[in-house]
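Trainee: Hey, got a minute to go through a structure with me? I'd like to start with the aromatic residues.
Mentor: Sure, pull it up and ask away.

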Amino acid sequence: MFPELETQRLRLREIRLQDAEAIYSCFSHEQVTRYYGQDTLTSPEQARRFIELFANNYAEQRGIRWGLERKEAQGLIGTIGYNAWSPRHRRAEIGYELHPDFWRQGYASEAASAILAYGFQELGLTRIGAVVFIENQASHALLAKLGFEAEGTLRQYIYQNGTAHDTRVYSLLQG
């Protein structure tokens, strides 16, 4: 059963096929995908494939992705979760994105705090990593606020729109 989490303002829940329009709305913004390592979505069908990928990753214990929904309004405003989840090695990488209408309102920090606690307490992770485009100042600030430590640079690590980008690697250890 997919774990649902709650914060003061948010419900973190399973992403369903009926969320395709909201996923498309978020991932069709170039502002959202420019630091995602994924092309901007151009059709709702691509959003449905994203949702299927999230479901398959969870079923195969390779990732877990929650939809972010405000308690006072139905509809997803973004997603957050773990990629590169390795239960055997007790590690995963955090990833998140929000629709631009909801930037700078504390939602990413609130949701990230909830899944960090879940990762350490329920999934038994000992390391949570993050890989962030060098240019993504908002994510660098968020990770620092959450207690992550920068570990180094991965040169030309992610391709976005045909161009190689350097990334910074972060980690947060249990304890």
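Trainee: Okay, which residues form one aromatic cluster here?
Mentor: Keep in mind that this is a predicted model. The cluster is made up of Phe2, Tyr58, Trp66, Tyr82 and Tyr118.

Trainee: And how many aromatic pairs does the structure hold?
Mentor: There are ten aromatic pairs. Take Trp66 and Tyr118: their ring centres are 5.6 Å apart and their planes sit at 85°, so the pair counts as edge-to-face.

Trainee: Why do you give me both a distance and an angle?
Mentor: Because an aromatic ring pair is described by the distance of the centres and the angle of the planes.

Trainee: Got it. Where in the chain are Trp66 and Tyr118?
Mentor: Trp66 is in strand S3 and Tyr118 is in helix H4, 52 residues apart, and the pair links these distant parts of the chain.

Trainee: Is Trp66 buried or exposed? And what about Tyr118, buried or exposed?
Mentor: Trp66 is buried, with a relative accessible area of 0%. Tyr118 has 17% relative accessibility, so Tyr118 counts as buried too.

Trainee: What about Tyr58 from that cluster, where does that one lie?
Mentor: Tyr58 is in helix H3. With a relative accessible area of 25%, Tyr58 is partly exposed.

Trainee: Which residues is Tyr58 in contact with?
Mentor: If you skip neighbours within four places in sequence, Tyr58 is in contact with Met1, Phe2, Pro3, Gly63, Ile64 and Trp85.

Trainee: Can you show me another edge-to-face pair?
Mentor: Try Phe102 and Tyr107, which are 6.3 Å centre to centre with 70° between the planes. Both of these residues are buried. Phe102 sits in the loop between S5 and H4, and its relative accessible area is 16%.

Trainee: What else does Phe102 contact?
Mentor: Leaving out neighbours within four places in sequence, Phe102 is in contact with Arg70 and Ile77 as well as Tyr107.

Trainee: Switching topic: which residues touch the most other members in the largest nonpolar core?
Mentor: That core has 34 residues, and the ones touching the most other members are Leu12, Trp66, Ile80, Tyr82, Ile94 and Phe148. You've met Trp66 and Tyr82 already, in the aromatic cluster.

Trainee: Which elements supply at least two residues of this core?
Mentor: Quite a list! The strands are S2 (10-14), S3 (64-70), S4 (76-86), S5 (91-98), S6 (127-133) and S8 (163-173), and the helices are H4 (107-121) and H5 (137-145). The largest share, eight residues, comes from H4.

Trainee: Let me zoom in on Phe148. Which residues does Phe148 touch?
Mentor: Not counting residues up to four places away in sequence, Phe148 touches Ile94, Leu116, Ile128, Gly129, Ala130, Leu143, Tyr170, Ser171 and Leu172. Apart from this core lies another one, of 13 residues, and Ile15, Phe50, Ile51 and Phe54 are among them.

Trainee: Now helices. At roughly what angle do H1 and H3 cross?
Mentor: The axes of H1 (residues 20-27) and H3 (residues 44-59) cross at roughly 105° and come within 8 Å. That makes H1 roughly perpendicular to H3.

Trainee: Which residues meet there?
Mentor: On the H1 side you have Ala20, Glu21, Ile23, Tyr24 and Phe27, and they meet Pro44, Ala47, Arg48, Phe50 and Ile51 in H3. Sorted by class, the contact has eight nonpolar, no polar and two charged residues.

Trainee: Last topic, backbone angles. Which residue other than glycine has a positive phi near 50°?
Mentor: That's Gln61, with phi near 50°. Gln61 is in the loop between H3 and S3, and Gln61 is partly exposed at 43% relative accessible area.

Trainee: Any other residue like that?
Mentor: Arg90 has a positive phi of about 55° although it is not a glycine. Look for Arg90 in the loop between S4 and S5. With a relative accessible area of 38%, Arg90 is partly exposed.

Note on methods
Residues are numbered from 1 along each chain as its sequence is written. This is a predicted model: local features need pLDDT of at least 70, side-chain atom pairs count only at pLDDT 80 or more; totals for chains, interfaces and linings use all residues. Side-chain values use heavy atoms; hydrogens and water are left out. A nonpolar core is a set of buried Ala, Val, Leu, Ile, Met, Phe, Trp, Tyr and Cys residues joined through side-chain atoms within 4.5 Å. Buried means under 20% relative accessible area, exposed over 50%, partly exposed in between (1.4 Å probe, protein chains only). Helices (H or I, at least four residues) and strands (E, at least two) are DSSP runs, numbered from the N terminus. Contact means heavy atoms within 4.5 Å. Axes are lines fitted to C-alpha atoms, for helices over the stretch in contact, and angles run from 0 to 180 degrees between N-to-C directions. Angles under 35 degrees count as roughly parallel, over 145 as roughly antiparallel, 65 to 115 as roughly perpendicular and the rest as oblique. Ala, Val, Leu, Ile, Met, Phe, Trp, Tyr, Cys and Pro count as nonpolar, Asp, Glu, Lys and Arg as charged, and the others, Gly among them, as polar. Rings of Phe, Tyr and Trp (its six-membered ring) pair if their centres lie within 6.5 Å; planes under 30 degrees apart count as stacked, over 60 as edge-to-face and the rest as tilted.
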